[in-house]
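Welcome! Let us walk through this structure together, one part at a time.

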Amino acid sequence: MKDISVIFPAYNEVERIRPTLHSFDQELAKTAYNYELLVVDDGSTDGTADFVESLRILIPNLRVIRCVENQGKGHAVKVGMLNALGKIRVMADADGATPASELKALVQPILDGKADISIGSRYVEGAIIAKKQPWYRRVWSRLANRVIQRVLLPGIVDTQCGFKAFRAEAADVAFNYVKTNGWSFDLEILAYAKSKGFRIREVPVCWTDDERSKGKFWDAPKTIVELYRIRKRLKLQGA
């Protein structure tokens, strides 16, 4: 059993993942934690899995899981969470949008026994956005969040930041349930976990937009459609 697992879903990330892995390894090496870095390759076609395997010489705590087919970020995170060895399981983006230096603050509410799930937030007081998204993405994000709060997750300001930590039990329960493989999986995870009584806390983080992000603005309407599908599934499950 590890103290902390950090899970990186990766699809064609050869150009971005190396500095991210090194920074998290260096940050965790400063602590007394027994840790692992777990990359879940989501059917990459650019050799991401082989490239990450080659980094194990420099990062001994690195592990790779290969998914044969590309099934979406949600699926990759689910595979990582259910195969992780950590008492605390963190999901982080391969592009390093939230730096490793934010890890301590993210896991602290769980270590203090005040939360089962701790989620990085770009919008609560104390958050720092080092590089903003284009204006149209910011407008969409805020509007979408209002709908998300009204329909599914009242009180959670930022559901979509890719930096979240789960106590092992919460991860096992929530990710064994989740059906969503795409970008909206966060919504289902948080809504289901909340329905089961797991405590969720938002933590302000530093975040930087990367214009090479895999998420596309024109996928936004799909998120709203999926939001209502998730709510319907939860109601049918009695959650």
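**A walk along the chain**

Just after helix α7 comes Gly197, whose phi is positive, near 90 degrees. Helices and strands are named here as DSSP runs numbered from the N terminus, with H or I over at least four residues for a helix and E over at least two for a strand. Before going further, please keep in mind that this is a predicted model, in which local features need pLDDT of at least 70 and side-chain atom pairs count only at pLDDT 80 or more, while totals for chains, interfaces and linings use all residues. Residues are numbered from 1 along each chain as its sequence is written, and side-chain values use heavy atoms, with hydrogens and water left out.

Let us look at α7 itself. The helix spans residues 185–195 and is mostly covered, with nine of its eleven residues buried. Buried means under 20% relative accessible area, exposed means over 50%, and partly exposed lies in between (1.4 Å probe, protein chains only). Among the buried residues of α7 are Phe185, Leu187, Ile189, Leu190 and Tyr192. The charged names Asp186 and Glu188 are on the buried list too.

Next, a pair of helices. The axes of α3 (residues 73–83) and α6 (residues 168–177) come within 9 Å and cross at roughly 140 degrees. Axes are lines fitted to C-alpha atoms, for helices over the stretch in contact, and angles run from 0 to 180 degrees between N-to-C directions. The crossing of α3 past α6 is left-handed, a term used if the near helix is turned anticlockwise from the far one by less than a right angle, with clockwise giving right-handed. Which residues meet here? From α3 come Val77, Lys78, Met81 and Leu82, and from α6 come Ala171, Asp172, Phe175 and Asn176; contact means heavy atoms within 4.5 Å. By class, this contact has five nonpolar, one polar and two charged residues. Ala, Val, Leu, Ile, Met, Phe, Trp, Tyr, Cys and Pro count as nonpolar, Asp, Glu, Lys and Arg as charged, and the others, Gly among them, as polar.

Now for the charged pairs. A search of the whole structure finds 13 salt bridges, each being a side-chain nitrogen of Lys or Arg within 4 Å of a carboxyl oxygen of Asp or Glu. One of them joins Arg63 to Glu36, with the closest N and O atoms 3.0 Å apart. Arg63 lies in strand β3 (residues 62–67) and Glu36 in strand β2 (residues 35–42), so the pair ties together parts that are 27 residues apart in sequence. Arg63 is partly exposed at 27% relative accessibility, whereas Glu36 is buried at 3%.

Helix α3 appears again in another bridge: Lys73 pairs with Asp93, the closest N and O atoms being 2.9 Å apart. Asp93 sits in the loop between β4 and α4, 20 residues from Lys73 in α3. Asp93 is buried at 19% relative accessibility, and Lys73 is buried at 17%.

That loop also holds Asp95, while Arg16 lies in the loop between β1 (2–10) and α1 (17–29), 79 residues away. Asp95 and Arg16 form a salt bridge with closest N and O atoms 3.7 Å apart. Asp95 is partly exposed at 21%, and Arg16 is buried at 8%. Elsewhere, Asp116, Arg167, Glu169 and Arg199 are linked in a network of salt bridges.

Finally, the cysteines: how many disulfides are there? The structure holds zero, a disulfide being a pair of cysteine sulfur atoms within 2.5 Å. Cys67 is buried, with a relative accessible area of 10%, and Cys161 is buried at 1%.
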